[in-house]
Amino acid sequence: MSEKEVKNLEEIFEARIARDEKIEPKDWMPEKYRQTHIRQISQHAHSEIIGMLPEGNWITRAPSLRRKAALLAKVQDEAGHGLYLYSACETLGVSRDELYEQLHSGKAKYSSIFNYPTITWADMGAIGWLVDGAAIINQVPLCNTSFGPYARAMVRVCKEESFHQRQGYEIMLTLCRGTEEQKAMAQDALNRWWWPSLMMLGPTDAESVHTEQSMKWKLKRKSNDELRQQFIDQTVPQADLLGLTIPDPDLKFNEETGHYDFGEIDWDEFWQVVKGHGPCNKERMSARVNAWNNGEWVRDAAMAYAEKNEKRKVAKAS
(Lines give C-alpha, C1' and ligand atoms only; values in the text may rest on other atoms or scores of the structure.)
Protein backbone atom coordinates (compact mmCIF):
# COMPACT_ATOMS: atom_id res chain seq x y z
CA MET A 1 0.00 0.00 0.00
CA SER A 2 1.43 3.35 -1.04
CA GLU A 3 1.99 6.25 1.33
CA LYS A 4 -0.77 8.20 -0.44
CA GLU A 5 -3.25 5.36 0.03
CA VAL A 6 -2.38 5.06 3.72
CA LYS A 7 -2.82 8.80 4.19
CA ASN A 8 -6.20 8.66 2.47
CA LEU A 9 -7.30 5.82 4.77
CA GLU A 10 -6.12 7.77 7.80
CA GLU A 11 -8.18 10.78 6.73
CA ILE A 12 -11.28 8.60 6.29
CA PHE A 13 -10.63 7.01 9.68
CA GLU A 14 -10.22 10.36 11.46
CA ALA A 15 -13.42 11.64 9.82
CA ARG A 16 -15.32 8.63 11.13
CA ILE A 17 -13.96 9.25 14.64
CA ALA A 18 -15.03 12.89 14.38
CA ARG A 19 -18.56 11.77 13.43
CA ASP A 20 -18.66 9.45 16.46
CA GLU A 21 -18.97 6.38 14.27
CA LYS A 22 -18.00 3.04 15.78
CA ILE A 23 -14.88 1.38 14.44
CA GLU A 24 -15.44 -2.35 13.95
CA PRO A 25 -12.79 -5.12 13.91
CA LYS A 26 -12.80 -5.57 10.10
CA ASP A 27 -12.58 -1.83 9.42
CA TRP A 28 -9.24 -0.30 8.49
CA MET A 29 -7.54 1.33 11.47
CA PRO A 30 -4.06 2.76 12.15
CA GLU A 31 -1.72 0.24 13.75
CA LYS A 32 -1.20 2.58 16.71
CA TYR A 33 -4.98 2.67 17.28
CA ARG A 34 -5.07 -1.13 17.29
CA GLN A 35 -2.13 -1.43 19.68
CA THR A 36 -3.52 1.25 22.01
CA HIS A 37 -6.79 -0.64 22.28
CA ILE A 38 -5.05 -3.96 22.86
CA ARG A 39 -3.11 -2.35 25.71
CA GLN A 40 -6.12 -0.70 27.35
CA ILE A 41 -8.69 -3.47 26.86
CA SER A 42 -6.30 -6.20 27.98
CA GLN A 43 -5.28 -4.15 31.02
CA HIS A 44 -8.96 -3.79 31.87
CA ALA A 45 -9.52 -7.55 31.41
CA HIS A 46 -6.49 -8.40 33.55
CA SER A 47 -7.78 -6.07 36.28
CA GLU A 48 -11.14 -7.87 36.38
CA ILE A 49 -9.44 -11.25 36.74
CA ILE A 50 -6.86 -10.16 39.33
CA GLY A 51 -9.60 -8.19 41.10
CA MET A 52 -11.31 -11.46 42.00
CA LEU A 53 -8.45 -12.38 44.34
CA PRO A 54 -8.72 -9.83 47.18
CA GLU A 55 -12.48 -10.41 47.42
CA GLY A 56 -12.28 -14.17 47.01
CA ASN A 57 -10.24 -14.02 50.20
CA TRP A 58 -13.48 -13.28 52.12
CA ILE A 59 -16.02 -15.62 50.50
CA THR A 60 -15.58 -18.33 53.15
CA ARG A 61 -15.54 -15.75 55.96
CA ALA A 62 -18.53 -13.59 55.03
CA PRO A 63 -20.63 -12.86 58.15
CA SER A 64 -23.90 -14.29 56.78
CA LEU A 65 -25.27 -16.48 54.02
CA ARG A 66 -26.74 -13.39 52.32
CA ARG A 67 -23.37 -11.66 52.30
CA LYS A 68 -21.66 -14.82 51.05
CA ALA A 69 -24.14 -15.18 48.17
CA ALA A 70 -23.75 -11.50 47.18
CA LEU A 71 -19.96 -11.70 47.27
CA LEU A 72 -19.97 -14.92 45.23
CA ALA A 73 -22.20 -13.24 42.65
CA LYS A 74 -19.88 -10.24 42.51
CA VAL A 75 -16.74 -12.33 42.00
CA GLN A 76 -18.57 -14.34 39.34
CA ASP A 77 -19.50 -11.09 37.57
CA GLU A 78 -15.86 -10.03 37.55
CA ALA A 79 -14.85 -13.31 35.92
CA GLY A 80 -17.48 -12.67 33.27
CA HIS A 81 -16.25 -9.12 32.72
CA GLY A 82 -12.75 -10.43 32.11
CA LEU A 83 -14.06 -12.89 29.52
CA TYR A 84 -16.11 -10.22 27.69
CA LEU A 85 -13.06 -7.98 27.53
CA TYR A 86 -10.62 -10.69 26.45
CA SER A 87 -13.08 -11.54 23.66
CA ALA A 88 -13.26 -7.88 22.60
CA CYS A 89 -9.47 -7.74 22.61
CA GLU A 90 -9.21 -10.86 20.44
CA THR A 91 -11.13 -9.09 17.67
CA LEU A 92 -8.04 -6.90 17.25
CA GLY A 93 -5.95 -9.90 16.19
CA VAL A 94 -4.27 -10.91 19.45
CA SER A 95 -4.80 -14.39 20.90
CA ARG A 96 -6.04 -15.19 24.39
CA ASP A 97 -2.84 -17.13 25.08
CA GLU A 98 -0.76 -14.07 24.16
CA LEU A 99 -2.79 -11.93 26.56
CA TYR A 100 -2.37 -14.41 29.40
CA GLU A 101 1.37 -14.71 28.73
CA GLN A 102 1.73 -10.93 28.88
CA LEU A 103 -0.03 -10.86 32.25
CA HIS A 104 1.88 -13.77 33.76
CA SER A 105 5.25 -12.50 32.59
CA GLY A 106 4.63 -9.05 34.04
CA LYS A 107 4.74 -7.36 30.63
CA ALA A 108 1.09 -6.30 30.90
CA LYS A 109 -0.24 -4.20 33.77
CA TYR A 110 -3.46 -4.31 35.76
CA SER A 111 -5.07 -1.80 38.10
CA SER A 112 -2.79 -0.80 40.99
CA ILE A 113 -5.68 -0.98 43.49
CA PHE A 114 -5.68 -4.78 43.56
CA ASN A 115 -2.21 -4.92 45.07
CA TYR A 116 -3.48 -3.93 48.52
CA PRO A 117 -4.53 -6.46 51.20
CA THR A 118 -8.11 -7.03 52.39
CA ILE A 119 -7.63 -7.16 56.14
CA THR A 120 -11.19 -6.98 57.52
CA TRP A 121 -14.74 -7.59 56.32
CA ALA A 122 -15.14 -3.80 56.08
CA ASP A 123 -12.66 -3.90 53.21
CA MET A 124 -15.35 -5.67 51.15
CA GLY A 125 -17.56 -2.66 51.75
CA ALA A 126 -14.81 -0.16 50.98
CA ILE A 127 -13.87 -1.95 47.74
CA GLY A 128 -17.47 -2.02 46.57
CA TRP A 129 -18.16 1.57 47.54
CA LEU A 130 -14.86 3.21 46.59
CA VAL A 131 -13.09 0.95 44.09
CA ASP A 132 -16.19 -0.01 42.12
CA GLY A 133 -17.48 3.54 42.48
CA ALA A 134 -14.30 4.86 40.86
CA ALA A 135 -14.51 2.12 38.24
CA ILE A 136 -18.05 3.16 37.28
CA ILE A 137 -17.00 6.78 36.84
CA ASN A 138 -14.13 5.62 34.63
CA GLN A 139 -16.14 3.04 32.68
CA VAL A 140 -19.50 4.69 31.95
CA PRO A 141 -17.88 7.00 29.35
CA LEU A 142 -16.37 3.87 27.75
CA CYS A 143 -19.88 2.81 26.70
CA ASN A 144 -19.40 5.50 24.04
CA THR A 145 -15.81 4.68 23.17
CA SER A 146 -14.96 4.57 19.48
CA PHE A 147 -14.19 0.83 19.20
CA GLY A 148 -17.47 -1.05 18.81
CA PRO A 149 -16.76 -4.36 20.63
CA TYR A 150 -15.33 -2.54 23.66
CA ALA A 151 -18.24 -0.09 23.83
CA ARG A 152 -20.83 -2.87 23.65
CA ALA A 153 -19.08 -4.97 26.30
CA MET A 154 -19.00 -1.97 28.63
CA VAL A 155 -22.80 -1.58 28.63
CA ARG A 156 -23.27 -4.83 30.53
CA VAL A 157 -20.13 -4.37 32.62
CA CYS A 158 -21.34 -0.99 33.89
CA LYS A 159 -24.79 -2.34 34.81
CA GLU A 160 -23.18 -5.04 36.93
CA GLU A 161 -20.62 -2.68 38.45
CA SER A 162 -23.54 -0.55 39.62
CA PHE A 163 -24.77 -3.52 41.67
CA HIS A 164 -21.26 -4.00 43.07
CA GLN A 165 -21.08 -0.39 44.19
CA ARG A 166 -24.48 -0.52 45.91
CA GLN A 167 -23.57 -3.78 47.63
CA GLY A 168 -20.36 -2.22 48.99
CA TYR A 169 -22.09 0.91 50.21
CA GLU A 170 -24.74 -1.18 51.97
CA ILE A 171 -22.01 -3.08 53.83
CA MET A 172 -20.49 0.22 54.98
CA LEU A 173 -23.92 1.59 55.98
CA THR A 174 -24.69 -1.54 58.01
CA LEU A 175 -21.35 -1.33 59.81
CA CYS A 176 -21.81 2.38 60.53
CA ARG A 177 -25.24 1.69 62.05
CA GLY A 178 -23.82 -1.09 64.20
CA THR A 179 -21.58 -1.03 67.25
CA GLU A 180 -18.81 1.50 67.83
CA GLU A 181 -16.32 -1.24 67.00
CA GLN A 182 -18.04 -1.93 63.68
CA LYS A 183 -18.12 1.76 62.77
CA ALA A 184 -14.43 2.02 63.67
CA MET A 185 -13.77 -0.91 61.33
CA ALA A 186 -15.56 0.95 58.52
CA GLN A 187 -13.54 4.11 59.21
CA ASP A 188 -10.30 2.11 59.20
CA ALA A 189 -11.19 0.60 55.81
CA LEU A 190 -11.96 4.06 54.42
CA ASN A 191 -8.63 5.34 55.75
CA ARG A 192 -6.72 2.58 53.96
CA TRP A 193 -8.63 2.54 50.64
CA TRP A 194 -9.27 6.26 50.03
CA TRP A 195 -5.91 7.24 48.59
CA PRO A 196 -5.37 4.06 46.53
CA SER A 197 -8.86 4.64 45.06
CA LEU A 198 -7.80 8.11 43.89
CA MET A 199 -4.60 6.66 42.46
CA MET A 200 -6.41 3.95 40.50
CA LEU A 201 -7.87 6.61 38.19
CA GLY A 202 -4.38 7.01 36.78
CA PRO A 203 -1.53 9.51 36.95
CA THR A 204 -2.13 13.23 36.58
CA ASP A 205 -2.87 14.46 33.07
CA ALA A 206 0.59 16.05 32.98
CA GLU A 207 2.20 12.66 33.72
CA SER A 208 -0.06 10.44 31.59
CA VAL A 209 1.65 9.42 28.36
CA HIS A 210 -1.52 7.96 26.78
CA THR A 211 -4.30 10.43 27.66
CA GLU A 212 -3.87 12.92 24.82
CA GLN A 213 -3.99 10.33 22.03
CA SER A 214 -6.74 8.33 23.74
CA MET A 215 -8.88 11.48 23.99
CA LYS A 216 -8.23 12.30 20.33
CA TRP A 217 -9.40 8.84 19.22
CA LYS A 218 -12.33 8.98 21.68
CA LEU A 219 -11.07 5.90 23.47
CA LYS A 220 -11.37 8.09 26.56
CA ARG A 221 -13.98 10.81 26.93
CA LYS A 222 -12.64 12.38 30.13
CA SER A 223 -9.09 12.87 31.40
CA ASN A 224 -7.72 11.20 34.54
CA ASP A 225 -7.89 14.44 36.54
CA GLU A 226 -11.50 15.09 35.47
CA LEU A 227 -12.51 11.58 36.50
CA ARG A 228 -10.72 11.92 39.85
CA GLN A 229 -12.47 15.21 40.61
CA GLN A 230 -15.85 13.70 39.68
CA PHE A 231 -15.19 10.75 41.99
CA ILE A 232 -14.29 12.99 44.94
CA ASP A 233 -17.28 15.29 44.40
CA GLN A 234 -19.60 12.27 44.30
CA THR A 235 -18.09 10.34 47.20
CA VAL A 236 -17.58 12.97 49.91
CA PRO A 237 -21.34 13.50 50.48
CA GLN A 238 -21.77 9.71 50.66
CA ALA A 239 -19.12 9.57 53.41
CA ASP A 240 -20.96 12.35 55.27
CA LEU A 241 -24.16 10.29 55.13
CA LEU A 242 -22.29 7.35 56.64
CA GLY A 243 -20.88 9.54 59.38
CA LEU A 244 -17.32 8.74 58.28
CA THR A 245 -14.39 11.12 57.84
CA ILE A 246 -12.42 11.28 54.59
CA PRO A 247 -8.73 10.89 55.62
CA ASP A 248 -7.62 14.14 53.99
CA PRO A 249 -7.10 17.20 56.25
CA ASP A 250 -6.89 19.44 53.16
CA LEU A 251 -10.29 18.39 51.81
CA LYS A 252 -12.72 21.31 51.58
CA PHE A 253 -15.49 22.51 49.30
CA ASN A 254 -14.51 25.37 47.01
CA GLU A 255 -17.47 27.71 46.54
CA GLU A 256 -15.89 29.36 43.51
CA THR A 257 -15.27 26.18 41.49
CA GLY A 258 -18.17 24.16 42.87
CA HIS A 259 -15.77 21.27 43.51
CA TYR A 260 -13.84 19.84 46.45
CA ASP A 261 -10.20 20.80 46.82
CA PHE A 262 -8.10 17.90 48.08
CA GLY A 263 -4.63 17.12 49.36
CA GLU A 264 -1.54 15.93 47.53
CA ILE A 265 -1.58 12.30 46.38
CA ASP A 266 1.51 10.21 47.15
CA TRP A 267 2.50 9.46 43.56
CA ASP A 268 5.72 7.79 44.70
CA GLU A 269 3.59 5.08 46.31
CA PHE A 270 1.52 4.77 43.12
CA TRP A 271 4.55 4.25 40.89
CA GLN A 272 6.11 1.78 43.32
CA VAL A 273 2.94 -0.33 43.17
CA VAL A 274 2.75 -0.05 39.36
CA LYS A 275 6.37 -1.21 39.12
CA GLY A 276 5.60 -4.33 41.14
CA HIS A 277 6.63 -3.25 44.64
CA GLY A 278 3.20 -2.94 46.28
CA PRO A 279 2.07 -4.86 49.38
CA CYS A 280 0.55 -7.76 47.40
CA ASN A 281 2.00 -7.63 43.86
CA LYS A 282 3.97 -10.86 44.18
CA GLU A 283 1.14 -12.63 46.02
CA ARG A 284 -1.42 -11.69 43.35
CA MET A 285 0.75 -12.78 40.44
CA SER A 286 1.77 -16.01 42.16
CA ALA A 287 -1.89 -16.89 42.79
CA ARG A 288 -2.80 -16.13 39.19
CA VAL A 289 0.06 -18.12 37.65
CA ASN A 290 -0.54 -21.08 39.99
CA ALA A 291 -4.23 -21.12 39.07
CA TRP A 292 -3.30 -21.13 35.37
CA ASN A 293 -0.81 -23.98 35.80
CA ASN A 294 -3.08 -26.04 38.04
CA GLY A 295 -5.91 -25.69 35.57
CA GLU A 296 -3.94 -26.95 32.59
CA TRP A 297 -5.44 -30.46 32.81
CA VAL A 298 -8.96 -28.99 32.65
CA ARG A 299 -8.13 -27.05 29.48
CA ASP A 300 -6.49 -30.12 27.93
CA ALA A 301 -9.51 -32.29 28.80
CA ALA A 302 -11.91 -29.73 27.33
CA MET A 303 -9.91 -29.54 24.09
CA ALA A 304 -9.71 -33.36 23.83
CA TYR A 305 -13.46 -33.63 24.37
CA ALA A 306 -14.15 -30.98 21.70
CA GLU A 307 -11.85 -32.74 19.20
CA LYS A 308 -13.53 -36.09 19.96
CA ASN A 309 -16.96 -34.62 19.35
CA GLU A 310 -15.81 -33.02 16.11
CA LYS A 311 -14.49 -36.34 14.84
CA ARG A 312 -17.81 -37.98 15.69
CA LYS A 313 -19.70 -35.33 13.70
CA VAL A 314 -17.40 -35.77 10.70
CA ALA A 315 -17.75 -39.58 10.86
CA LYS A 316 -21.53 -39.32 11.15
CA ALA A 317 -21.76 -36.91 8.23
CA SER A 318 -19.68 -39.16 6.00
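**Two domains, their spaces and their rings**

Thirteen residues of domain 1 are in contact with nine residues of domain 2. That is where I want to start today. One caution before we go on: this is a predicted model.

So where do the two domains run? The domain assignment gives domain 1 as residues 3-267 and domain 2 as residues 279-317. Take the centres over C-alpha atoms, and domain 1 and domain 2 sit 28 Å apart.

Now the pockets. I will talk about the second largest pocket. Both domains help to line that pocket: domain 1 and domain 2 each give at least three residues. In total, 13 residues make up the lining. Look for I49, M52, Y100, R288 and A291, which lie nearest the centre of the pocket. Three elements give two or more residues to this lining: helix 3 (52-56), helix 4 (65-90) and helix 12 (281-294). Which helix gives the largest share of the lining? Helix 12 does, with four residues. The space in this pocket comes to about 270 Å³. And the chemistry? The lining has 10 nonpolar residues, one polar residue and two charged residues.

Next, the closed spaces. How many cavities of 30 Å³ or more does a search of the whole structure find? The search finds one. The volume of the largest cavity is about 30 Å³. Its lining is made of I17, D20, E21, K22, N144, T145, S146, K218 and R221. Here the classes divide into one nonpolar, three polar and five charged residues. So please keep both linings in view as you turn the model: 10 nonpolar residues in the pocket, five charged residues in the cavity.

On to the aromatic rings. A pair of rings is described by the distance of the centres and the angle of the planes. The count for this model comes to 12 aromatic pairs. I will show you two.

The pair to start with is F13 and W28. Their ring centres are 6.3 Å apart. Their planes meet at 80°, over the cut-off of 60, so the pair is edge-to-face. This pair links distant parts of the chain, 15 residues apart. F13 is in helix 1, residues 3-18. W28 is in the loop between helix 1 and helix 2 (31-50). Is F13 buried or exposed? F13 has a relative accessible area of 2%, so F13 is buried. W28 has 30%, so W28 counts as partly exposed.

The other pair is F270 and W271. This pair is edge-to-face as well, with 4.9 Å centre to centre and 75° between the planes. F270 is buried, at 7% relative accessible area. W271 is partly exposed, at 33%.

Back to F13 and W28 for a moment. Ring pairs link F13, W28, Y33 and W217 into a cluster.

Let me finish with three single residues. All of the contacts I list here leave out residues up to four places away in sequence.

Start with W129. You will find W129 in helix 6, residues 122-139. Its relative accessibility is 1%, under the 20% cut-off, so W129 counts as buried. What does W129 touch? Its contacts are Q165, G168, Y169, M172, L190, T235, Q238, A239, L242 and L244. Look at I171 too. W129 and I171 are 42 residues apart in sequence, and their C-alpha atoms are 8.7 Å apart in space.

Then R228. R228 lies in helix 10, residues 224-242. Is this arginine buried or exposed? R228 is buried, with a relative accessible area of 2%. R228 touches L198, M199, L201, G202, P203, T204, I265 and W267.

And then Q40. Q40 has its place in helix 2. Its relative accessible area is 15%, and buried means under 20%, so Q40 is buried. Q40 touches L142, Y150, L219 and K220.

To recap: 13 residues of domain 1 meet nine residues of domain 2. The second largest pocket draws its lining from both domains. The search found one cavity of 30 Å³ or more. The aromatic pairs number 12. And W129, R228 and Q40 count as buried. Thank you.

Methods:
Residues numbered from 1 in each chain as written. Predicted model: local features only at pLDDT ≥ 70, side-chain atom pairs only at ≥ 80, totals over all residues. Heavy atoms only, no water. 1 Å grid on protein atoms, 1.4 Å probe; cavity = no way out; pocket = protein on both sides within 12 Å on 5 of 7 lines; lining within 4 Å. Points joined across faces, edges and corners; volume = space filled by probe spheres on them. Nonpolar A, V, L, I, M, F, W, Y, C, P; charged D, E, K, R; others polar. Domains from an automatic or database assignment. Buried < 20%, exposed > 50% of the residue type's maximum accessible area, 1.4 Å probe, protein only. Contact = heavy atoms within 4.5 Å. Phe/Tyr/Trp six-rings, centres within 6.5 Å; stacked < 30°, edge-to-face > 60°.
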